[in-house]
Amino acid sequence: MRSLISIADLTNDEIEEIFSLADGADKLRTDRVAAGHIMATLFYEPSTRTRLSFESAMQRLGGSVISCSDMKASSTAKGETIADTAKVVSSYADVLVVRHNWDGAVQAMAEHADVPVINAGDGSQEHPSQTVCDLYTLRREKGDLKGLTVVRCGDLKNGRTIHSLVYALARFCANVVILAAQGMELPQYVIDRVEREYDYALAPVASDDLSAVMTETDALYLTPKQPHQLALFTQVDKVIQTRLNTLAAGLRYDAFYMTRKQKERMKEGGRDSSYPTIGSDFLKEQRFKDTVVMHPLPRVDELSQEVDNDRRGIYFKQAAYGVPVRMALLKFLFDKRATQPRTKKSEDTYENPLPFGPKCRNPNCVTLKEAISTQSRFEIYFADEIGALMQTCPYCDHRFKIELIGHVVSKRYCAYDVAFGDTVRVWLENKEFAIFDSIKEAEELGYEPYKSSPQRILMSEAEIKIAVKEISEQILRDCQDPDRLMIFGVRSNGSLLAQRLACEIEARRKRKPDIGEIEIYGSGDELRRVSPSDADSGPLNLKDREVILVDDVIFSGRTIKSALSIIFRSGRPKSVRLAVLIDRGHRQIPVKPNYVGKNIPSSEKERVRVKLRELEQGEQDQALIYTIINPGDNSETTTRDAQRAALN
């Protein structure tokens, strides 16, 4: 039995098969291929086009429809779980079409349903049937998808149609230009997945070509297998700027895909900022004379009615294609009822062996909203690009860095390090792997810490204080306009050091620079203001600012690479310089710090830990180094394994 929860559930060949079926929609209607079948539509959020196009498609195929367009008026209002709803309604129908406001809710319902389930939009995650429709529209209007350049405009953070289509365009080797409204940038986990799974490269693009759509015209260019990784450059000099402008000037824009601001998914009091618009200025631009305009609808004020009567405005045609595409999709799923779901990921699946353990940190994830309807599992992968062990929620696709790991057999835990990679793979294979959210959680379950070598002090509190003072002085000497200075710290230690640098600068200038924090592994805002924190400060604006990026330790450079990616997705600074307390060397990514407190070459088996008093209650600032003892080589574990082997 096949369901459609994500665009990844379909291969490229299967998408082309659905296109062929859609081209022959009239024959599908004549043949009444769904006669005797019933479709149930369950919509926990408002919908016009998606629900009606699915219902129209089913009826044109000769099938019947039962519908609950407002689930607030259903048993859900009485407390029925989505799992129970799926079990009950799947006994009434042959296919379920579900829209839900929780991320991952449709996946959870599919796990409990006895019939195919189609995701009609879940939270801010995916909308795969709309993606197939969008791809079909592009193919009909522009021909082959490969090599097309599609500009995605507007709310790229909360718009579920955006995420699905970015993945799909990457699979078909199209180029994607990202033009986000301020504060609504494409999430880092989407960028990471495109880079990891489809070998795409990311470059910031500053081009006047897009000024007809948005005044602040900084954009990002996603393209397959290109040598440029311009987000790694920490200084936007004239040579690099020339390369960026040349890149932008050479782009042929085949389509603009505009989205409205997703106010229903924004936090209360969400920031209001300039938003891309398409109207008369766009229509007058010679550069866009063959550029089609798409929109999933409904629109608000981001798309002028002036475009309606222009041949380039194809969004009503795009909506009309929704019926034949969904006819084809239903026919496809009915034909695949006897087949197994497509295996789409190569990551290891981690099922929690403990009474409690790691939880998804996305507050809108179904696993937090209604855990009883989900399974306690994660997908584990080794993120070479940042040198970390990551867990991905299989429901909402958010990723998180694993900090604490444990061995179920020896009942020992430790902080994860890249040197433990092979050991963790063995533990996963033997189902002896545990993950903890905190030391307290591990010790409450009876786990004890692995032992390490004696710790040696690299920097005392006095030395750290001197280093922060000297770095602040160097920053002020290099800064061309201190009033435009902005300091960003990588959470958590980097953020604290950034605040200390800001205090030193304030003491000299009697004015505190803007301070921000970068969250690489979380589920909330990736870039947020720390100071000033008052409501009148407005959203962070990096345009033409001198930015200092701060972290406590740099080793491989992978964390810095991700932080730079977030910065360049959020705006186009005049320059970005890097400040670190400790540089360990061994750089795997070509990023060189501009300001360093102390250079300490160290091996991969050594760990450097910076302890700051703000996080370490009752302790002084210290930088420590100690040798990592690989848990896989632990003598106690080896003895236990030998004893088990002898018993067998």
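Contacts across the sequence dominate this predicted model: among contacts between residues at least 6 apart in sequence, 72% join residues at least 24 apart. The protein has 648 residues, and buried residues make up 58% of them. It holds 19 helices and 27 strands. Its accessible surface comes to about 27,400 Å², with 46% belonging to carbon and sulfur atoms.

**Cores**

The largest nonpolar core has 63 residues. Leu10, Ile118, Leu135, Leu138, Leu169 and Leu330 have the most contacts inside it. Helix H12, residues 322–335, gives the most to this core, with nine residues. A second core is separate and counts 51 residues, including Phe400, Ala434, Tyr447 and Tyr450.

Leucine 138 shows what one of these positions touches. Leaving out residues up to four places away in sequence, its partners are Gly143, Leu145, Leu148, Val150, Leu169, Ala255 and Met294.

**Two helices**

Helix H8 spans residues 188–198 and is mostly covered, with nine of its eleven residues buried. Charged residues are on that buried list: among them are Asp192, Arg193 and Glu195. Tyr189, Val190, Ile191, Val194 and Tyr198 are also buried. Just after H8, aspartate 199 takes a positive phi of about 55 degrees.

Helix H16 covers residues 461–478 and contains serine 472. This serine is buried, at a relative accessible area of 0%. Beyond residues up to four places away in sequence, serine 472 touches Leu501, Glu504, Ile505 and Arg508.

**Rings and charges**

The whole structure has eleven aromatic pairs. In one of them, the ring centres of phenylalanine 256 and phenylalanine 282 are 5.3 Å apart and the planes stand at 80 degrees, so the pair is edge-to-face. Phenylalanine 256 lies in strand E9 (residues 255–258) and phenylalanine 282 in helix H10 (residues 280–284), so the pair ties together parts 26 residues apart in sequence. Both phenylalanine 256 and phenylalanine 282 are buried. Ring pairs extend the picture to a cluster of Tyr253, Phe256, Phe282 and Phe288.

Arginines also sit over rings, as the table shows.

| Arginine | Ring | Distance from ring centre |
|---|---|---|
| Arginine 152 | Tyrosine 257 | 4.1 Å |
| Arginine 425 | Phenylalanine 382 | 3.8 Å |

In the first row, the charged end of arginine 152 sits over the ring of tyrosine 257. In the second, arginine 425 lies over the face of phenylalanine 382.

Methods. Residues numbered from 1 in each chain as written. Predicted model: local features only at pLDDT ≥ 70, side-chain atom pairs only at ≥ 80, totals over all residues. Heavy atoms only, no water. Core = buried A, V, L, I, M, F, W, Y, C linked by side-chain atoms within 4.5 Å. Buried < 20%, exposed > 50% of the residue type's maximum accessible area, 1.4 Å probe, protein only. Helix = DSSP H or I, 4+ residues; strand = E, 2+ residues; numbered from the N terminus. Contact = heavy atoms within 4.5 Å. Areas by Shrake-Rupley, 256 points an atom, 1.4 Å probe, with all protein chains shown as cover. Phe/Tyr/Trp six-rings, centres within 6.5 Å; stacked < 30°, edge-to-face > 60°. Lys NZ or Arg CZ within 6 Å of the ring centre and 35° of its normal.
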